[in-house]
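Here is a protein model to walk through together. Have a look at the picture first, then read on.

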Amino acid sequence: MQGILYEEPSIWQYLSITIIMGGWTAWRTGKSVAENWQNYTTLVIYALLLGVAIRFIHHALFHGTMLAPPYYIFDTVILSSSAFFGFLFHRTRQMTKNYYWLYEKSSPLSWKRT
């Protein structure tokens, strides 16, 4: 698997940078976009920029390739999914808290009309 989805000599480097650090940052990005009542387009743009930032960290700390399309795409897909789940989680909380007379939580990531 090393070399196909990530280029570090150890999976622990990849997990610590992309999954833990990048995933948490993406989750917080989704939360921020939801709290500011912005849309999915803004979330996608931020996730693409976050993918560049994570690739830069791989490059600066571990001498990885900066602009390798397969690694960038894979990292960005992971970051985008984390940002999307953070967005939906906080938007659901926001809708059910602010409009409690209209909506109720149907799952942690969705709401329905009452």
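## Salt bridges

Searching the whole structure turns up 3 salt bridges. Keep in mind that this is a predicted model. What is the idea behind such pairs? Side chains of opposite charge can pair when their charged atoms come close.

Let's start with Glu35 and Lys31, whose closest N and O atoms are 2.5 Å apart. Both sit in helix H1 (residues 11–35), and because they are 4 residues apart there, about one helical turn separates them. Is each partner buried or exposed, or something in between? Glu35 counts as partly exposed because its relative accessibility is 40%, which falls between the 20% and 50% cut-offs. Lys31, on the other hand, has a relative accessible area of 15%, so it is buried, the limit being under 20%.

Next up is the salt bridge between Arg55 and Asp75, where the closest N and O atoms are 2.9 Å apart. This pair ties together distant parts of the chain: Arg55 belongs to helix H2 (residues 40–62) and Asp75 to helix H3, with their positions 20 residues apart. Arg55 and Asp75 are both buried.

The remaining pair to visit is Glu104 with Lys112, meeting at 3.6 Å from N to O. Glu104 has 36% relative accessibility, so it counts as partly exposed. Lys112 is partly exposed as well, with a relative accessible area of 42%.

## The overall layout

Now let's zoom out. How many helices and strands are there in the protein chain? You can find 3 helices and 2 strands, and starting from the N terminus they run α-α-α-β-β. The C-alpha atoms fill a box of roughly 55 × 25 × 20 Å along the principal axes.

Of the 114 residues in the chain, 35% are buried. The chain exposes about 7,000 Å², and carbon and sulfur atoms supply 68% of that area. What about contacts between residues with a separation of 6 or more? In 58% of them, the residues are 24 or more positions apart.

## A charged residue without a partner

Go to Arg91 in helix H3. Arg91 is buried yet has no salt bridge. Why not? The nearest side chain of opposite charge, Glu35, is 9.9 Å away, and a salt bridge needs the nitrogen and the carboxyl oxygen to be within 4 Å, so this pair doesn't qualify.

What does the side chain of Arg91 reach instead? At 3.2 Å there is the backbone oxygen of Ala34. If you skip neighbours within four places in sequence, Arg91 is in contact with Val33, Ala34, Trp37, Gln38 and Trp111.

## A nonpolar patch on the surface

Trp37 turns up again on the surface, where Trp37, Tyr99, Tyr100 and Trp101 form a nonpolar patch. Together these residues have about 510 Å² of accessible area.

Look at two of the members. Tyr99 is in the loop between helix H3 (69–98) and strand E1 (103–107), and its relative accessible area is 31%, so it is partly exposed. Trp37 lies in the loop between H1 and H2. With a relative accessible area of 43%, Trp37 is partly exposed too.

## Two positive phi angles

Trp37 has another feature to check: its phi is near 55°, a positive value in a residue other than glycine. His63 also has a phi near 55°, again positive without being glycine.

Where does His63 lie? You'll find His63 in the loop between H2 and H3. His63 has 73% relative accessibility, so it counts as exposed.

## The end of the chain

Finish at Thr114, in the segment after strand E2 (110–113). Thr114 counts as exposed because its relative accessibility is 58%. Its side chain reaches the backbone oxygen of Trp101 at 3.2 Å. Leaving aside neighbours within four places in sequence, Thr114 is in contact with Trp101, Leu102, Tyr103 and Glu104.

How far is Thr114 from Ser10? In sequence they are 104 residues apart, and in space their C-alpha atoms are 50 Å apart.

Conventions
Residues are numbered from 1 along each chain as its sequence is written. This is a predicted model: local features need pLDDT of at least 70, side-chain atom pairs count only at pLDDT 80 or more; totals for chains, interfaces and linings use all residues. Side-chain values use heavy atoms; hydrogens and water are left out. Patches are made of residues with over 30% relative accessible area and no salt bridge: like charges are joined within 9 Å, nonpolar side chains (Val, Leu, Ile, Met, Phe, Trp, Tyr) within 5 Å. Accessible areas come from the Shrake-Rupley method with a 1.4 Å probe; for residues, only the protein chains shown count as cover. Buried means under 20% relative accessible area, exposed over 50%, partly exposed in between (1.4 Å probe, protein chains only). Lys and Arg count as positive and Asp and Glu as negative; His and the chain ends are not counted. A polar contact is a pair of N or O atoms within 3.5 Å; within protein, one must be able to donate a hydrogen and the other to accept it, and residues adjacent in sequence count only if both atoms are side-chain atoms. Contact means heavy atoms within 4.5 Å.
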